[in-house]
Amino acid sequence: GNRWGGPPMSGEVKAKTKHGEMTIDQLAEIQPGMAMIMQDIADYYYYTYYAAKGGNWKLATHELNLVRSAFRTAKVTRPKFTEDLDAFDSEYLLPIFKAIQLKDWAEFEEAFERGIEGSDKYHDKHGYDYIRFILSKEPPAHLYLGPPEGFKREKAKGKAGPAPATS
């Protein structure tokens, strides 16, 4: 056996699922590429903006952390982008995180816009000058964007909205 007490290693390493087996190479081949990862990043960035605008700073932090998480995945699956992803994080994401921490909308909006400009810069650098992030004029309809303490679910209809104003 091998030094860990398992069966001897021979041939390709296989992963088993209820649907069959696949090699580690097949598993590596199906990992997401930059196009799929960048679509997720665009969504998280969009949600970050509207969460901050609505005063849901915790959600803004959560969504911007998801951008970082997607960056980590990209650095594993597409290591040639590691240096630029790290630089983007330092130059553009950190100022957004700082504005969120301060709950400073004006500073947030400025840093967020710089992030969009940075996105253009890095897309240009890598030959993707035809890719431009455009912030939707409409906030996402599937997320509550206001301060968490203002959330009240309407149980009968399953709809959510801000808590009714109290007089």
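**View 1. Surroundings of Thr48 in helix α2 of the predicted model****.** Leaving aside neighbours within four places in sequence, Thr48 is in contact with Ala60, Glu63, Leu64, Ile100 and Phe108, contact meaning heavy atoms within 4.5 Å. Thr48 belongs to helix α2, where helices (H or I, at least four residues) are DSSP runs numbered from the N terminus. The residue is buried, with a relative accessible area of 0%; buried stands for under 20% relative accessible area, exposed for over 50% and partly exposed for values in between, with a 1.4 Å probe and protein chains only. A polar atom of the Thr48 side chain lies 3.3 Å from the backbone nitrogen of Leu64.

This is a predicted model, in which local features need pLDDT of at least 70 and side-chain atom pairs count only at pLDDT 80 or more, while totals for chains, interfaces and linings use all residues. Residues are numbered from 1 along each chain as its sequence is written, and side-chain values use heavy atoms, with hydrogens and water left out.

**View 2. Helix α4 and its bend at Leu93****.** The 21 residues of α4 should span 30 Å at 1.5 Å a residue, and the 29 Å between its end C-alpha atoms agrees with this, the expected span being 1.5 Å times one less than the number of residues. At Leu93 the helix bends by about 40°, and Pro95 follows within four residues; the bend is the angle between axes fitted to the seven residues ending at a residue and the seven starting there. Among the buried residues of α4 are Asp84, Asp89, Tyr92, Leu93 and Ile100, and what covers the buried residues of this helix includes α2, α3 and α5. After α4 comes Lys103, with a positive phi near 55°.

**View 3. The buried face of helix α5****.** Buried residues of α5 include Phe108, Phe112, Ile116, Ser119, Tyr122 and His123. Seen down the axis of α5, its buried residues fall within an arc of 165°, so they line one face of the helix, the arc being that of the directions from the helix axis to the C-beta atoms. They pack against α2 (34–54), α3 (57–77) and α4 (82–102), whereas the face turned away from the buried side carries the exposed residues Ala106, Glu110 and Lys125.

**View 4. The two ends of helix α5, residues 105–125****.** At the start of α5, a side-chain oxygen of Asp104 reaches to within 3.2 Å of the backbone nitrogen of Ala106. Just after the helix, Gly127 takes a positive phi of about 85°. The end C-alpha atoms of α5 are 30 Å apart, in agreement with the 30 Å expected for its 21 residues.

Definitions and conventions. A polar contact is a pair of N or O atoms within 3.5 Å; within protein, one must be able to donate a hydrogen and the other to accept it, and residues adjacent in sequence count only if both atoms are side-chain atoms.
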